[in-house]
Amino acid sequence: MAPAGYEPLLKGDPEFEGLPEPTPRTSRPFRSRRFVFSLLALLGVVGFSAFYALSPSQSARYAAEHLLPGGAFVNGAGEQLQKCPSGLPPAAAPPAKLNPFASLTIDDTVAIADWLFAPERALNLTLGTKAGLADNFIYHIDAFRPAKRDALAYLDHPDRDAAVPPERFARVTIHHGAASEPYVMDHLVGPLPVGPKTRIRKLTEIYHRDSIPYNARGFTSGSELTPLLVDYMPKLADATEDLFGGSARGLPNDTLVAGVMAPLSFDGSFRRGWISWRRNTPGPWLHPVNFFQYVDFTGTDPSKWKLLKLVYNHQVFNSTEAFLSAYNDGTLKRLPNRPDQDPAQGGWSTRKRPEGSSLRDLDHLPGPRSVSFGGLRFRLDRAQQYVSWMGWGLYLGFDRDMGLSLWDLRFKGERIIYELAPQEAIAQYAGNDPMQTTTAWLDRFFGMGSAVRDMIPGYDCPHEAVYLPATTHNFEGSIVRERAICIFEHDTARPITRHTGYSEGEFGATRGFELVIRSVSTVGNYDYLFDYIFQIDGTIEVRLSASGYLQGGYWEPSQEGYGTAIRDTTMGSLHDHVINYKVDLDVAGTENSLLFTSTAQETITQPWFEDDWGAEVVQQKISKRYIENEDDALLKFPANLQGGYSLVNKDALNRWGIPRGYAIHPGYSPVHNTVVGSKRLLNNANWARYNLAVSKRKDTEPTSSCQWNLNLPGHPMVDFHKFFDGENITQQDLVAWVNVGMHHLPQAEDSPNTRTNLAASSFFLTPLNYFDADVSTESTNAVLLSAPGAPGRPWAVDDYGVAPAHCAPAAVPPLEYVGVRAFDLAGRPAPPATADEMRKSAELFHRIKIEL
């Protein structure tokens, strides 16, 4: 009999299309042909493993003892194995009927757009698919989260059935390109669904400027620059073919593609950027040709855009004519020919297995995989995107800007965190060329949520992971990713606690299971893995890992000190990654205080010290101090990590009289940004200067950054430092802004892709006197051993009734990757896109191919 709570396969659920339908578990032998084949396959694996693990005589005896006539497999107790339980999670019971943090549906966005297009709105809108830069059009629609007090009133209502959810609103971004002075404006539309009460107003209270300069606007496509590039690159084609074997003429077989660096403006008064040219080959980011242009595309009229500078081999020219003159008269200093400048030798930047590489011992066998033999142990409400596991419960949210967010996180029935969400990801580069030295990315601009990709089952997540979809909306329509989020439990293969002892109750171990919620964003060349890892003691690890391609530079001796040669003409450029998270902790309530705990050395004397060692002892001592003003809460971890920060509730004490709290504990690579004072990152990412900061929570300060900050470093829409205005933070509703990241000093092993084992950073949110003792001891996935009554006898074992389970796992279905589902502005399914169309949409400014 299957464990209680298991759901039948829902026909029509796209997550399970193509997967075999599970059969209810019974005590009768299975006789289906599929089952026999599955058992034969399982038997083959077991037999092969036994062959390597046991001596020949042991293998033969094992097989003889575990086979039934006809080839059926039996366990050690002589019982025939049954098929494992369904791979679907049991149903969850959310604390509220509706997820107040849910994303908008396609129907929502279509209705909002229709309402905005009505003549009485007087917005003079053009469909996004037909709009030009000089038109008004809807750029983006997303959910605007409710005020915290309204959400808590709903979530904490004593009568779940009578609770009224907070009103729903949308944030709508409109490009007002048709205005006499073009600008971008965010609007608040609601309440939803659209009806007689729906209104629109400007959304300005969350920003530090009234309107968004048009020169800081969002991208529409990589082809935005085509009118400018096609004007001068074909004229240079003969020269570029001669100099580095590539050209961009606007033809299908062009061998060069471009990338635009950012920021494109300082304060919104202009829109200019450096263009770097690369070979049009797989992994173009690793194939720069050391050829750059500085272009001006300010305003909405492409006829006024112009080329300002051209740089080749450190020689600066103010026009294509000046460059061609130097090329033709022989005064141009040419780059030397290098072996990997041959376009035919570009295969090294693909992910294909290298030709001629030796096969590693036993690597022809599939590796281990995780199977929940007793059935999945987390619960899920798919419609409300609510997950529960081992005392944890939380809602999921998703948006265009930063993707996955977690809400109303409770442990053992108490809210620990109201909101846990990524805010921004910067990458600031260094180098001796116009590309690397001017680059300071803020990836929220590109939409880390819209950049979320469908994960690869069995590779990005374990085979038994459960996937959830996510929907984002833009000026062209809506995109649905069916495998945007994965959820799985796994065994860390490390006990969370253990001890070998000899007195009664001393000897035992508790297994270290974790629940992981993951999404992956691919922003141009880089892939970011966002992990939220829940543990049974009340700890959460927030981990960010990176992979994908380096933003490579052209290697030559003058680049020494700014990176490392990874090929004859390619370097990995020195850069910092810093990713910011919002952690709205509510520790035993919303009124919390910031506690700094540190250790320091002391020298003391005591009357009982022995003469043998002298009268002094040198040791360390704990100091505790509350930080009372938020201006003092822009923080770095102390040297040697001799101290840390926590949010505690002074008015809620544990059994031992200590304020209950949660510590913000550094994990892997606790870094902050190295460079301070660069104009390209002057005020738009001030949070990156610290390991963490703590401010008084306000609904008018929902995020530490915004999409527009990338191109406004001198006068950002969200200036993080302005959150800190001298307010008292003692027993207030507080937010911690916590950073992870890495100082990326590239190496040859970053080619072709950076590895997630090293490119990783994390922090922990862990109980600090929140409980009276370690609550992981409550787990029954533990063992207690007692000393034998007589010497030489086995120790007594108590597994709390949770013995290992045995069953025959279902066969892993063939890997099938379908990719994105798209819908047009009317909500109708859009035709499937080609791989080239998907690449254009995904890589945007990171890879621009000229098209006539």
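# Notebook: a walk through the predicted model

**Entry 1, a cis proline in a strand.** I started at Pro191, which sits in strand 3, residues 183–192. This is a predicted model, so I read its geometry as a prediction. I looked at the bond from Gly190 to Pro191 and found a cis peptide, with omega about 0 degrees. I then looked up a second cis bond, which runs from Ala262 to Pro263 with omega near 15 degrees. Pro263 is not in a strand; it belongs to the loop between strand 6 and strand 7. I noted both bonds because most peptide bonds are trans.

**Entry 2, confidence.** Before going further I checked the pLDDT. The protein has a mean of 90, and 90% of its residues reach 70 or more. Residues 1–72 fall below 50, although this stretch still has 85 contacts in the model beyond near neighbours in sequence. Where pLDDT is low, the predicted coordinates should not be read in detail. I left that stretch alone.

**Entry 3, positive phi.** Most residues other than glycine have a negative phi. I therefore wrote down two alanines with positive values: Ala493, with phi near 60 degrees, and Ala588, with phi near 55 degrees. Where do they sit? Ala493 is in the loop between strand 18 (477–491) and strand 19 (497–499), while Ala588 is in the loop between strand 27 and strand 28 (593–605). Ala493 is exposed, at 71% relative accessible area. Ala588 is partly exposed, at 25%. I also logged Gly245, just after helix 6, where phi is positive at about 65 degrees.

**Entry 4, helix 6.** Which residues of helix 6 are buried? In this helix (residues 237–244) I found Ala237, Ala239, Thr240, Leu243 and Phe244 buried. Viewed down the axis, they fall within an arc of 160 degrees, so they line one face of helix 6. An α-helix has 3.6 residues a turn, so residues three or four places apart point the same way. Their cover includes strand 6 (256–260), strand 7, strand 8 (288–296), strand 9 (306–312) and helix 7 (320–329).

**Entry 5, the nonpolar core.** From there I moved to the largest nonpolar core, which has 155 residues; Trp277, Phe291, Phe323 and Phe534 touch the most other members. Apart from it lies another core of 15 residues, including Leu123, Leu125, Val172 and Leu192. I listed the neighbours of Phe291 beyond four places in sequence, among them Thr240 and Phe244, two of the buried residues of helix 6. Ser276 and Trp277 are also on the Phe291 list.

**Entry 6, Ser276.** I followed that contact to Ser276, which is in strand 7, residues 272–279. Is it buried or exposed? Ser276 is at 1% relative accessibility, so it counts as buried, the cut-off being under 20%. Beyond four places in sequence, it touches Val257, Ala258, Gly259, Met261, Phe291, Phe292 and Met435.

**Entry 7, strand 1.** Eight of the nine residues of strand 1 (136–144) are buried. Strand 1 pairs with strand 2 (168–176) in the antiparallel sense, over eight bridges. Ile141 stands opposite Val172 of strand 2, and Val172 is one of the members of the 15-residue core.

**Entry 8, helix 4.** I then repeated the helix check on helix 4 (residues 148–155), where Lys148, Ala151, Leu152, Tyr154 and Leu155 are buried. Their directions fall within an arc of 160 degrees, so these residues line one face of helix 4. They pack against strand 13 (392–399), strand 14 (403–411), strand 15 (414–429) and strand 27 (575–585).

**Entry 9, a three-stranded sheet.** Next came an open sheet with the order 24-26-25 and antiparallel pairing. Its edges are strand 24 (552–554) and strand 25 (563–565), each pairing on one side only. The twist averages 40 degrees from one strand to the next. Strand 24 meets strand 26 (570–573) over three bridges, and Gly552 has Gly572 as its bridge partner.

**Entry 10, two last residues.** Thr510, in strand 20 (507–510), is buried at 7% relative accessibility. Its C-alpha atom is 9.3 Å from that of Glu778, which is 268 residues away along the chain. The contacts of Thr510 include Ser776, Ser779, Asn781 and Ala782. Asn709 lies in the loop between strand 33 (692–696) and strand 34 (734–744), and it is buried at 0%. Beyond four places in sequence, I found Asn709 touching Leu442, Asn684, Pro716, Met717 and Val718.

Notes:
Residues are numbered from 1 along each chain as its sequence is written. This is a predicted model: local features need pLDDT of at least 70, side-chain atom pairs count only at pLDDT 80 or more; totals for chains, interfaces and linings use all residues. Side-chain values use heavy atoms; hydrogens and water are left out. Buried means under 20% relative accessible area, exposed over 50%, partly exposed in between (1.4 Å probe, protein chains only). Contact means heavy atoms within 4.5 Å. Two strands pair if DSSP finds at least two bridges between them. Axes are lines fitted to C-alpha atoms, for helices over the stretch in contact, and angles run from 0 to 180 degrees between N-to-C directions. The arc is that of the directions from the helix axis to the C-beta atoms. A nonpolar core is a set of buried Ala, Val, Leu, Ile, Met, Phe, Trp, Tyr and Cys residues joined through side-chain atoms within 4.5 Å. pLDDT is the predictor's confidence in each residue, from 0 to 100.
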